[in-house]
Every structure is written in C-alpha cells, then in structure tokens.
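Colleague: Could you walk me through this one before I head back to the bench? I have a few quick questions.

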Amino acid sequence: QVQVEESGGGLVQPGGSLRLSCVVSGRIISLYAMGWHRQAPGNQRELVARLGNDGTTTYADSVKGRFTISGDLDQDSVTLQMDSLKPEDTAVYYCNVLALTSAPGVEEDYWGQGTQVSVSS
C-alpha cells in the first residue's frame with residue numbers, strides 16, 4: 001500500500017502566498033516523480049508542477065514564475081510554494097506520485113485526497 005499525504009492549502013487573498021507539502025509512504029521500490037495537479041469545478045484535472053527523480057522540473061505555463069516545486073525524492077517528499085496567487089488558481093490540489101511498488105512490475109500513479117486552495121478577496 002502507498003499512502004500520499006498532503007498538507008497546506010486554505011484561503012488567501014489575491015497576491016498572497018500558500019505552501020503545499022506532500023509526503024509519500026509505503027512499500028516503494030523506485031520513486032520516479034512527484035508533483036501536483038489541480039482541478040477546478042467544471043474543469044479537467046491539470047498538471048501544475050512536477051519534480052522528476054533526476055531533478056528536472058515541469059510547470060504549467062499558467063504558473064511559471066509564480067510557483068516553485070522543490071523536494072527530495074530520496075526523502076519521499078515535495079513542496080509547492082505558490083506566490084502571487086490569482087483567483088483563477090482556486091482549485092482542489094492533488095499530490096501525484098509515480099512509483100514502482102513491485103518487481104517485476106510497472107510504475108503507477110498514486111494520488112492524495114486533495115486539498116482546497118481558494119484565492120478570493
């Protein structure tokens with residue numbers, strides 16, 4: 001079993017900042033990537049940011065320059081620093097983990113329960 005635990009989120013005014021954290025635990029053989037997706041009402045879930053096990057980062061165009069993903073996959077954790085938040089950033093944010101949990105086997109996606117981020121004055 002793999003557990004993905006998120007923390008952070010909440011309500012903030014436009015221009016403010018929030019910090020999300022994610023920790024994964026369980027029987028993991030290899031951790032390939034950790035990141036964050038978000039889903040706003042009526043929209044599809046979309047990638048926000050991802051950190052690969054080689055240190056590469058990927059960001060959605062809409063958050064580049066405002067959000068920063070960091071972490072240590074050897075420590076099974078990742079953090080998303082969100083600055084200059086906008087109302088359109090309002091969504092449920094989900095931590096996503098790409099991991100291999102059995103051998104032989106293939107890597108699979110695991111998801112957290114989600115945490116609400118609301119940006120409003």
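Modeller: Happy to; we can go through the disulfide, the core, the strands and the charged pairs in turn, keeping in mind that this is a predicted model.

Colleague: Let's start with the cysteines, then. How many disulfides does the count come to?

Modeller: The count comes to one disulfide, and the residues that form it are Cys22 and Cys95, whose sulfur atoms lie 2.0 Å apart.

Colleague: What parts of the chain does that pair tie together?

Modeller: Cys22 sits in strand β3 and Cys95 in strand β9, so the bond ties together parts that are 73 residues apart in sequence. The torsion about the S-S bond is about -85°, so the disulfide is left-handed.

Colleague: And are those two cysteines buried or exposed?

Modeller: Both Cys22 and Cys95 are buried. For Cys22 the relative accessibility is 1%, which is why this residue counts as buried, given that the cut-off for buried is under 20%.

Colleague: What does Cys22 touch?

Modeller: Leaving aside residues up to four places away in sequence, Cys22 touches Val4, Glu5, Glu6, Met34, Trp36, Asp76, Ser77, Val78 and, as its disulfide partner, Cys95.

Colleague: OK, switching to the core. Which residues of the largest nonpolar core touch the most other members?

Modeller: That core has 31 residues, and the ones that touch the most other members are Met34, Trp36, Leu80, Met82, Tyr93 and Val97. The elements that give two or more residues to it are β1 (2-8), β3 (18-26), β4 (30-39), β5 (46-52), β7 (67-72), β8 (77-82), β9 (91-100) and β11 (115-119).

Colleague: Which of them gives the most?

Modeller: That is β9, which gives five residues to this core.

Colleague: You listed Val97 a moment ago, so what does Val97 touch?

Modeller: Again not counting residues up to four places away in sequence, Val97 touches Val4, Val24, Leu31, Ala33 and Met34, and also Glu108, Asp109 and Tyr110.

Colleague: Now the strands. In what order do the four strands of the open sheet run?

Modeller: The order is β1-β3-β8-β7, and the pairing is antiparallel. The edge strands are β1 and β7, each of which pairs on one side only. On average, and with direction ignored, neighbouring strands of this sheet are turned by 15° against each other.

Colleague: How many bridges join β7 to β8?

Modeller: Six bridges join these two antiparallel strands, and among the positions that face each other, Ile69 stands opposite Leu80 in β8.

Colleague: What about β11, which strands does it pair with, and in which sense?

Modeller: Strand β2 (residues 10-12) pairs with β11 in the parallel sense over three bridges, whereas β9 pairs with β11 in the antiparallel sense, also over three bridges. On the β2 side, the bridge partner of Val12 is Val119, and on the β9 side, the bridge partner of Ala91 is Val117.

Colleague: Which residues of β11 are on the covered face, and which on the uncovered one?

Modeller: The covered face of β11 carries Thr115, Val117 and Val119, while Gln116 and Ser118 make up the uncovered face.

Colleague: Last topic, the charges. How many salt bridges does the structure hold?

Modeller: The structure holds four salt bridges, and Arg38, Glu46, Arg66 and Asp89 are linked in a network of them.

Colleague: What are the distances for Arg38?

Modeller: For Arg38 and Glu46 the closest N and O atoms are 2.8 Å apart, and for Asp89 and Arg38 they are 3.0 Å apart. The second pair links distant parts of the chain, with Asp89 in the loop between β8 and β9 and Arg38 in strand β4, 51 residues apart.

Colleague: How buried or exposed are the residues in those two pairs?

Modeller: Arg38 is buried at a relative accessible area of 7%, and Asp89 is buried as well, at 1%. Glu46, on the other hand, is partly exposed, with a relative accessible area of 35%.

Colleague: And where is Asp61 in all this, buried or exposed?

Modeller: Asp61 is exposed, with a relative accessible area of 63%, and its side chain meets that of Lys64 in a salt bridge at 3.1 Å, N to O.

Note on methods:
Residues numbered from 1 in each chain as written. Predicted model: local features only at pLDDT ≥ 70, side-chain atom pairs only at ≥ 80, totals over all residues. Heavy atoms only, no water. Core = buried A, V, L, I, M, F, W, Y, C linked by side-chain atoms within 4.5 Å. Buried < 20%, exposed > 50% of the residue type's maximum accessible area, 1.4 Å probe, protein only. Contact = heavy atoms within 4.5 Å. Disulfide = S-S within 2.5 Å. Pairing = 2+ DSSP bridges. Axes fitted to C-alpha atoms, helices over the stretch in contact; angles between N-to-C directions.
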